[in-house]
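Let us read this protein together. Short questions come with short answers.

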Amino acid sequence: MKRVKIIVNGDVQGVFYRYYAKKEAKKLGLLGWCRNEVDGSVFIIVEGDDSSIDKFIEWSKIGSPLATVDEVVISEEKPTELEKEFEIR
């Protein structure tokens, strides 16, 4: 089990980035959440197996069809196993 914090910068708000993040996370069997930040970024917490997390990180560098991702900042955290699903906050 792995837990990762992802901050996505670029044109990622108002382009359905969070909707597609939830869809991708569910497809990969990942748990966690995402939210828009006041600075225009999208903040994501995701938990799951290493392989699925790696695939999600690669997806996050592209994002939704209308998104323009400039930067993805990733940091690993200690797994909490508290997440029950992937939700948009």
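A salt bridge here is a side-chain nitrogen of Lys or Arg within 4 Å of a carboxyl oxygen of Asp or Glu. This is a predicted model, where local features need pLDDT of at least 70, side-chain atom pairs count only at pLDDT 80 or more, and totals for chains, interfaces and linings use all residues. Residues are numbered from 1 along each chain as its sequence is written, and side-chain values use heavy atoms, leaving out hydrogens and water.

Q: Which residue forms a salt bridge with E77?
A: E77 lies in strand β4 (strands, E, at least two residues, and helices, H or I, at least four, are DSSP runs numbered from the N terminus). Its partner sits in strand β1, so the pair ties together parts 74 residues apart in sequence. The closest N and O atoms are 3.2 Å apart, and the partner is R3.

Q: Is R3 buried or exposed?
A: Buried means under 20% relative accessible area, exposed over 50%, and partly exposed in between (1.4 Å probe, protein chains only). R3 has 8% relative accessibility, so R3 counts as buried.

Q: Where does E83, which meets R3 in a salt bridge, lie?
A: The N to O distance of this pair is 3.4 Å. R3 and E83 are 80 residues apart, with R3 in strand β1. E83 is in the loop between β4 and β5.

Q: Which residues are linked with R3 in a network of salt bridges?
A: The structure holds eight salt bridges. In the network, R3 is linked with E47, E77 and E83.

Q: In what order do the five strands stand in the sheet?
A: Two strands pair if DSSP finds at least two bridges between them. The sheet is open and its pairing is mixed. β4 (68-77) and β5 (86-88) each have a single partner strand, so they stand at the edges. The order is β4-β1-β3-β2-β5.

Q: How many bridges join β1 and β4?
A: D11 stands opposite T68 in β4. β1 and β4 pair in the antiparallel sense, and the number of bridges is nine.

Q: Is F16 buried or exposed?
A: F16 is in the loop between β1 (2-11) and α1 (17-28). Its relative accessible area is 55%, so F16 is exposed.

Q: What is the relative accessibility of E37?
A: E37 forms a salt bridge with R35, with the closest N and O atoms 2.4 Å apart. E37 counts as partly exposed, and its relative accessibility is 24%.
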